[in-house]
Amino acid sequence: FLVIGIFFYGSLTYAVQQAGYVPQGNDTLGLLAVMMMFFIPALTTRLLAEEQRLGTIELLLTAPVRDWELVVGKWLGVFMLLLTIIAFTLVYPLILNGLVEPGIDWGPLISGYLGAILLCAAFAGLGVLSSSLFSNQIAAFIFTMGLFVFVWWIIGPIVQIVGQTGAGSNLINYLDFNQHYTTNLIRGVIDLSDVVYFVSVTALSLFLSSVWIEMRRWR
């Protein structure tokens, strides 16, 4: 919140000094997404990895809960915390709305916050999946961070190197988190393909986590 607050203040200061520049309500969402890349791995790293290291995963596996309920419960705990953080950032566009005449454009703001929620859901799902694969918190953290950097920053340059044409390039480009988040959602365009993508990543991550936990049950 301190970093985002400084960024927000800097944006307002720049708007005062530069005529013609109007700050947008969703300006902080780009920074929020980047910060979540470092924050979420720290939250998810011990969800299942620590359970496996301490051996308490055996107690959970013998409890009267299904494997997918265990995984979804872990994911929900992180996701609800992230929703709370996102909700608190609404104070910045509300302040901006009172400073700008006749007010900010709420369309891009709503779309941007929808994108932030979907992005956090997908990141949290990938974090839970990474945590289920390891019994060491540090290994889970490094793997999760590397995965986030790949889907956010590395895929784009790969597409530029390979080329924009071809089925392979289209598939790689479709996997780019940054592309889905910054191209449409944060700019006020709600594309069904972007929503389906983030929901699919979340669901697939939780499904694979459940499968891995079930495999551990039978080992």
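1. Contacts across the sequence. In this predicted model, residues 24 or more positions apart account for 74% of the contacts in the protein chain that have a separation of 6 or more. Of the 219 residues of the protein chain, 42% count as buried.

2. Secondary structure and extent. The protein chain contains 11 helices and zero strands, so that reading from the N terminus one meets the order α-α-α-α-α-α-α-α-α-α-α. Taken along the principal axes, the C-alpha atoms fill a box of roughly 65 × 40 × 30 Å.

3. Surface and charge. The accessible surface of the protein chain comes to about 11,400 Å², and 70% of that surface belongs to carbon and sulfur atoms. The charged side chains number 8 positive and 12 negative, with the centres of the two sets lying 15 Å apart.

4. A stacked pair in helix α5. The structure holds 12 aromatic pairs. W75 and F79 form an aromatic pair that is stacked, with 4.9 Å from centre to centre and 10° between the planes; the pair counts as stacked because planes under 30 degrees apart are classed in that way. Both residues lie in helix α5 (residues 67-88), where they are four residues apart, or about one turn of the helix. W75 has a relative accessible area of 11% and F79 one of 12%, and both therefore count as buried, the cut-off being under 20%.

5. An aromatic cluster. Ring pairs also link F123, F148, W152, Y174, F177, Y181, Y197 and F198 into a cluster. Two of its members, W152 and Y197, return in the next point as contacts of D176.

6. The acidic residue D176. Where in the chain is D176 placed? The residue sits in the loop between α9 (167-174) and α10 (177-183). Leaving aside neighbours within four places in sequence, D176 is in contact with V151, W152, I155, G156 and Y197.

7. The missing partner of D176. Which side chain of opposite charge is nearest to D176, and how far away is that side chain? The nearest is R187, at 12 Å, whereas a salt bridge would require a side-chain nitrogen of Lys or Arg within 4 Å of a carboxyl oxygen. D176 is therefore a residue that is buried yet has no salt bridge. A colleague looking at this loop may wish to view D176 together with its listed contacts, including the aromatic residues W152 and Y197, both of which belong to the ring cluster described above.

Terms used
Residues are numbered from 1 along each chain as its sequence is written. This is a predicted model: local features need pLDDT of at least 70, side-chain atom pairs count only at pLDDT 80 or more; totals for chains, interfaces and linings use all residues. Side-chain values use heavy atoms; hydrogens and water are left out. Helices (H or I, at least four residues) and strands (E, at least two) are DSSP runs, numbered from the N terminus. Buried means under 20% relative accessible area, exposed over 50%, partly exposed in between (1.4 Å probe, protein chains only). Lys and Arg count as positive and Asp and Glu as negative; His and the chain ends are not counted. Contact means heavy atoms within 4.5 Å. Accessible areas come from the Shrake-Rupley method with a 1.4 Å probe; for residues, only the protein chains shown count as cover. The place of a charge is taken as NZ of Lys, CZ of Arg, CG of Asp or CD of Glu. Rings of Phe, Tyr and Trp (its six-membered ring) pair if their centres lie within 6.5 Å; planes under 30 degrees apart count as stacked, over 60 as edge-to-face and the rest as tilted.
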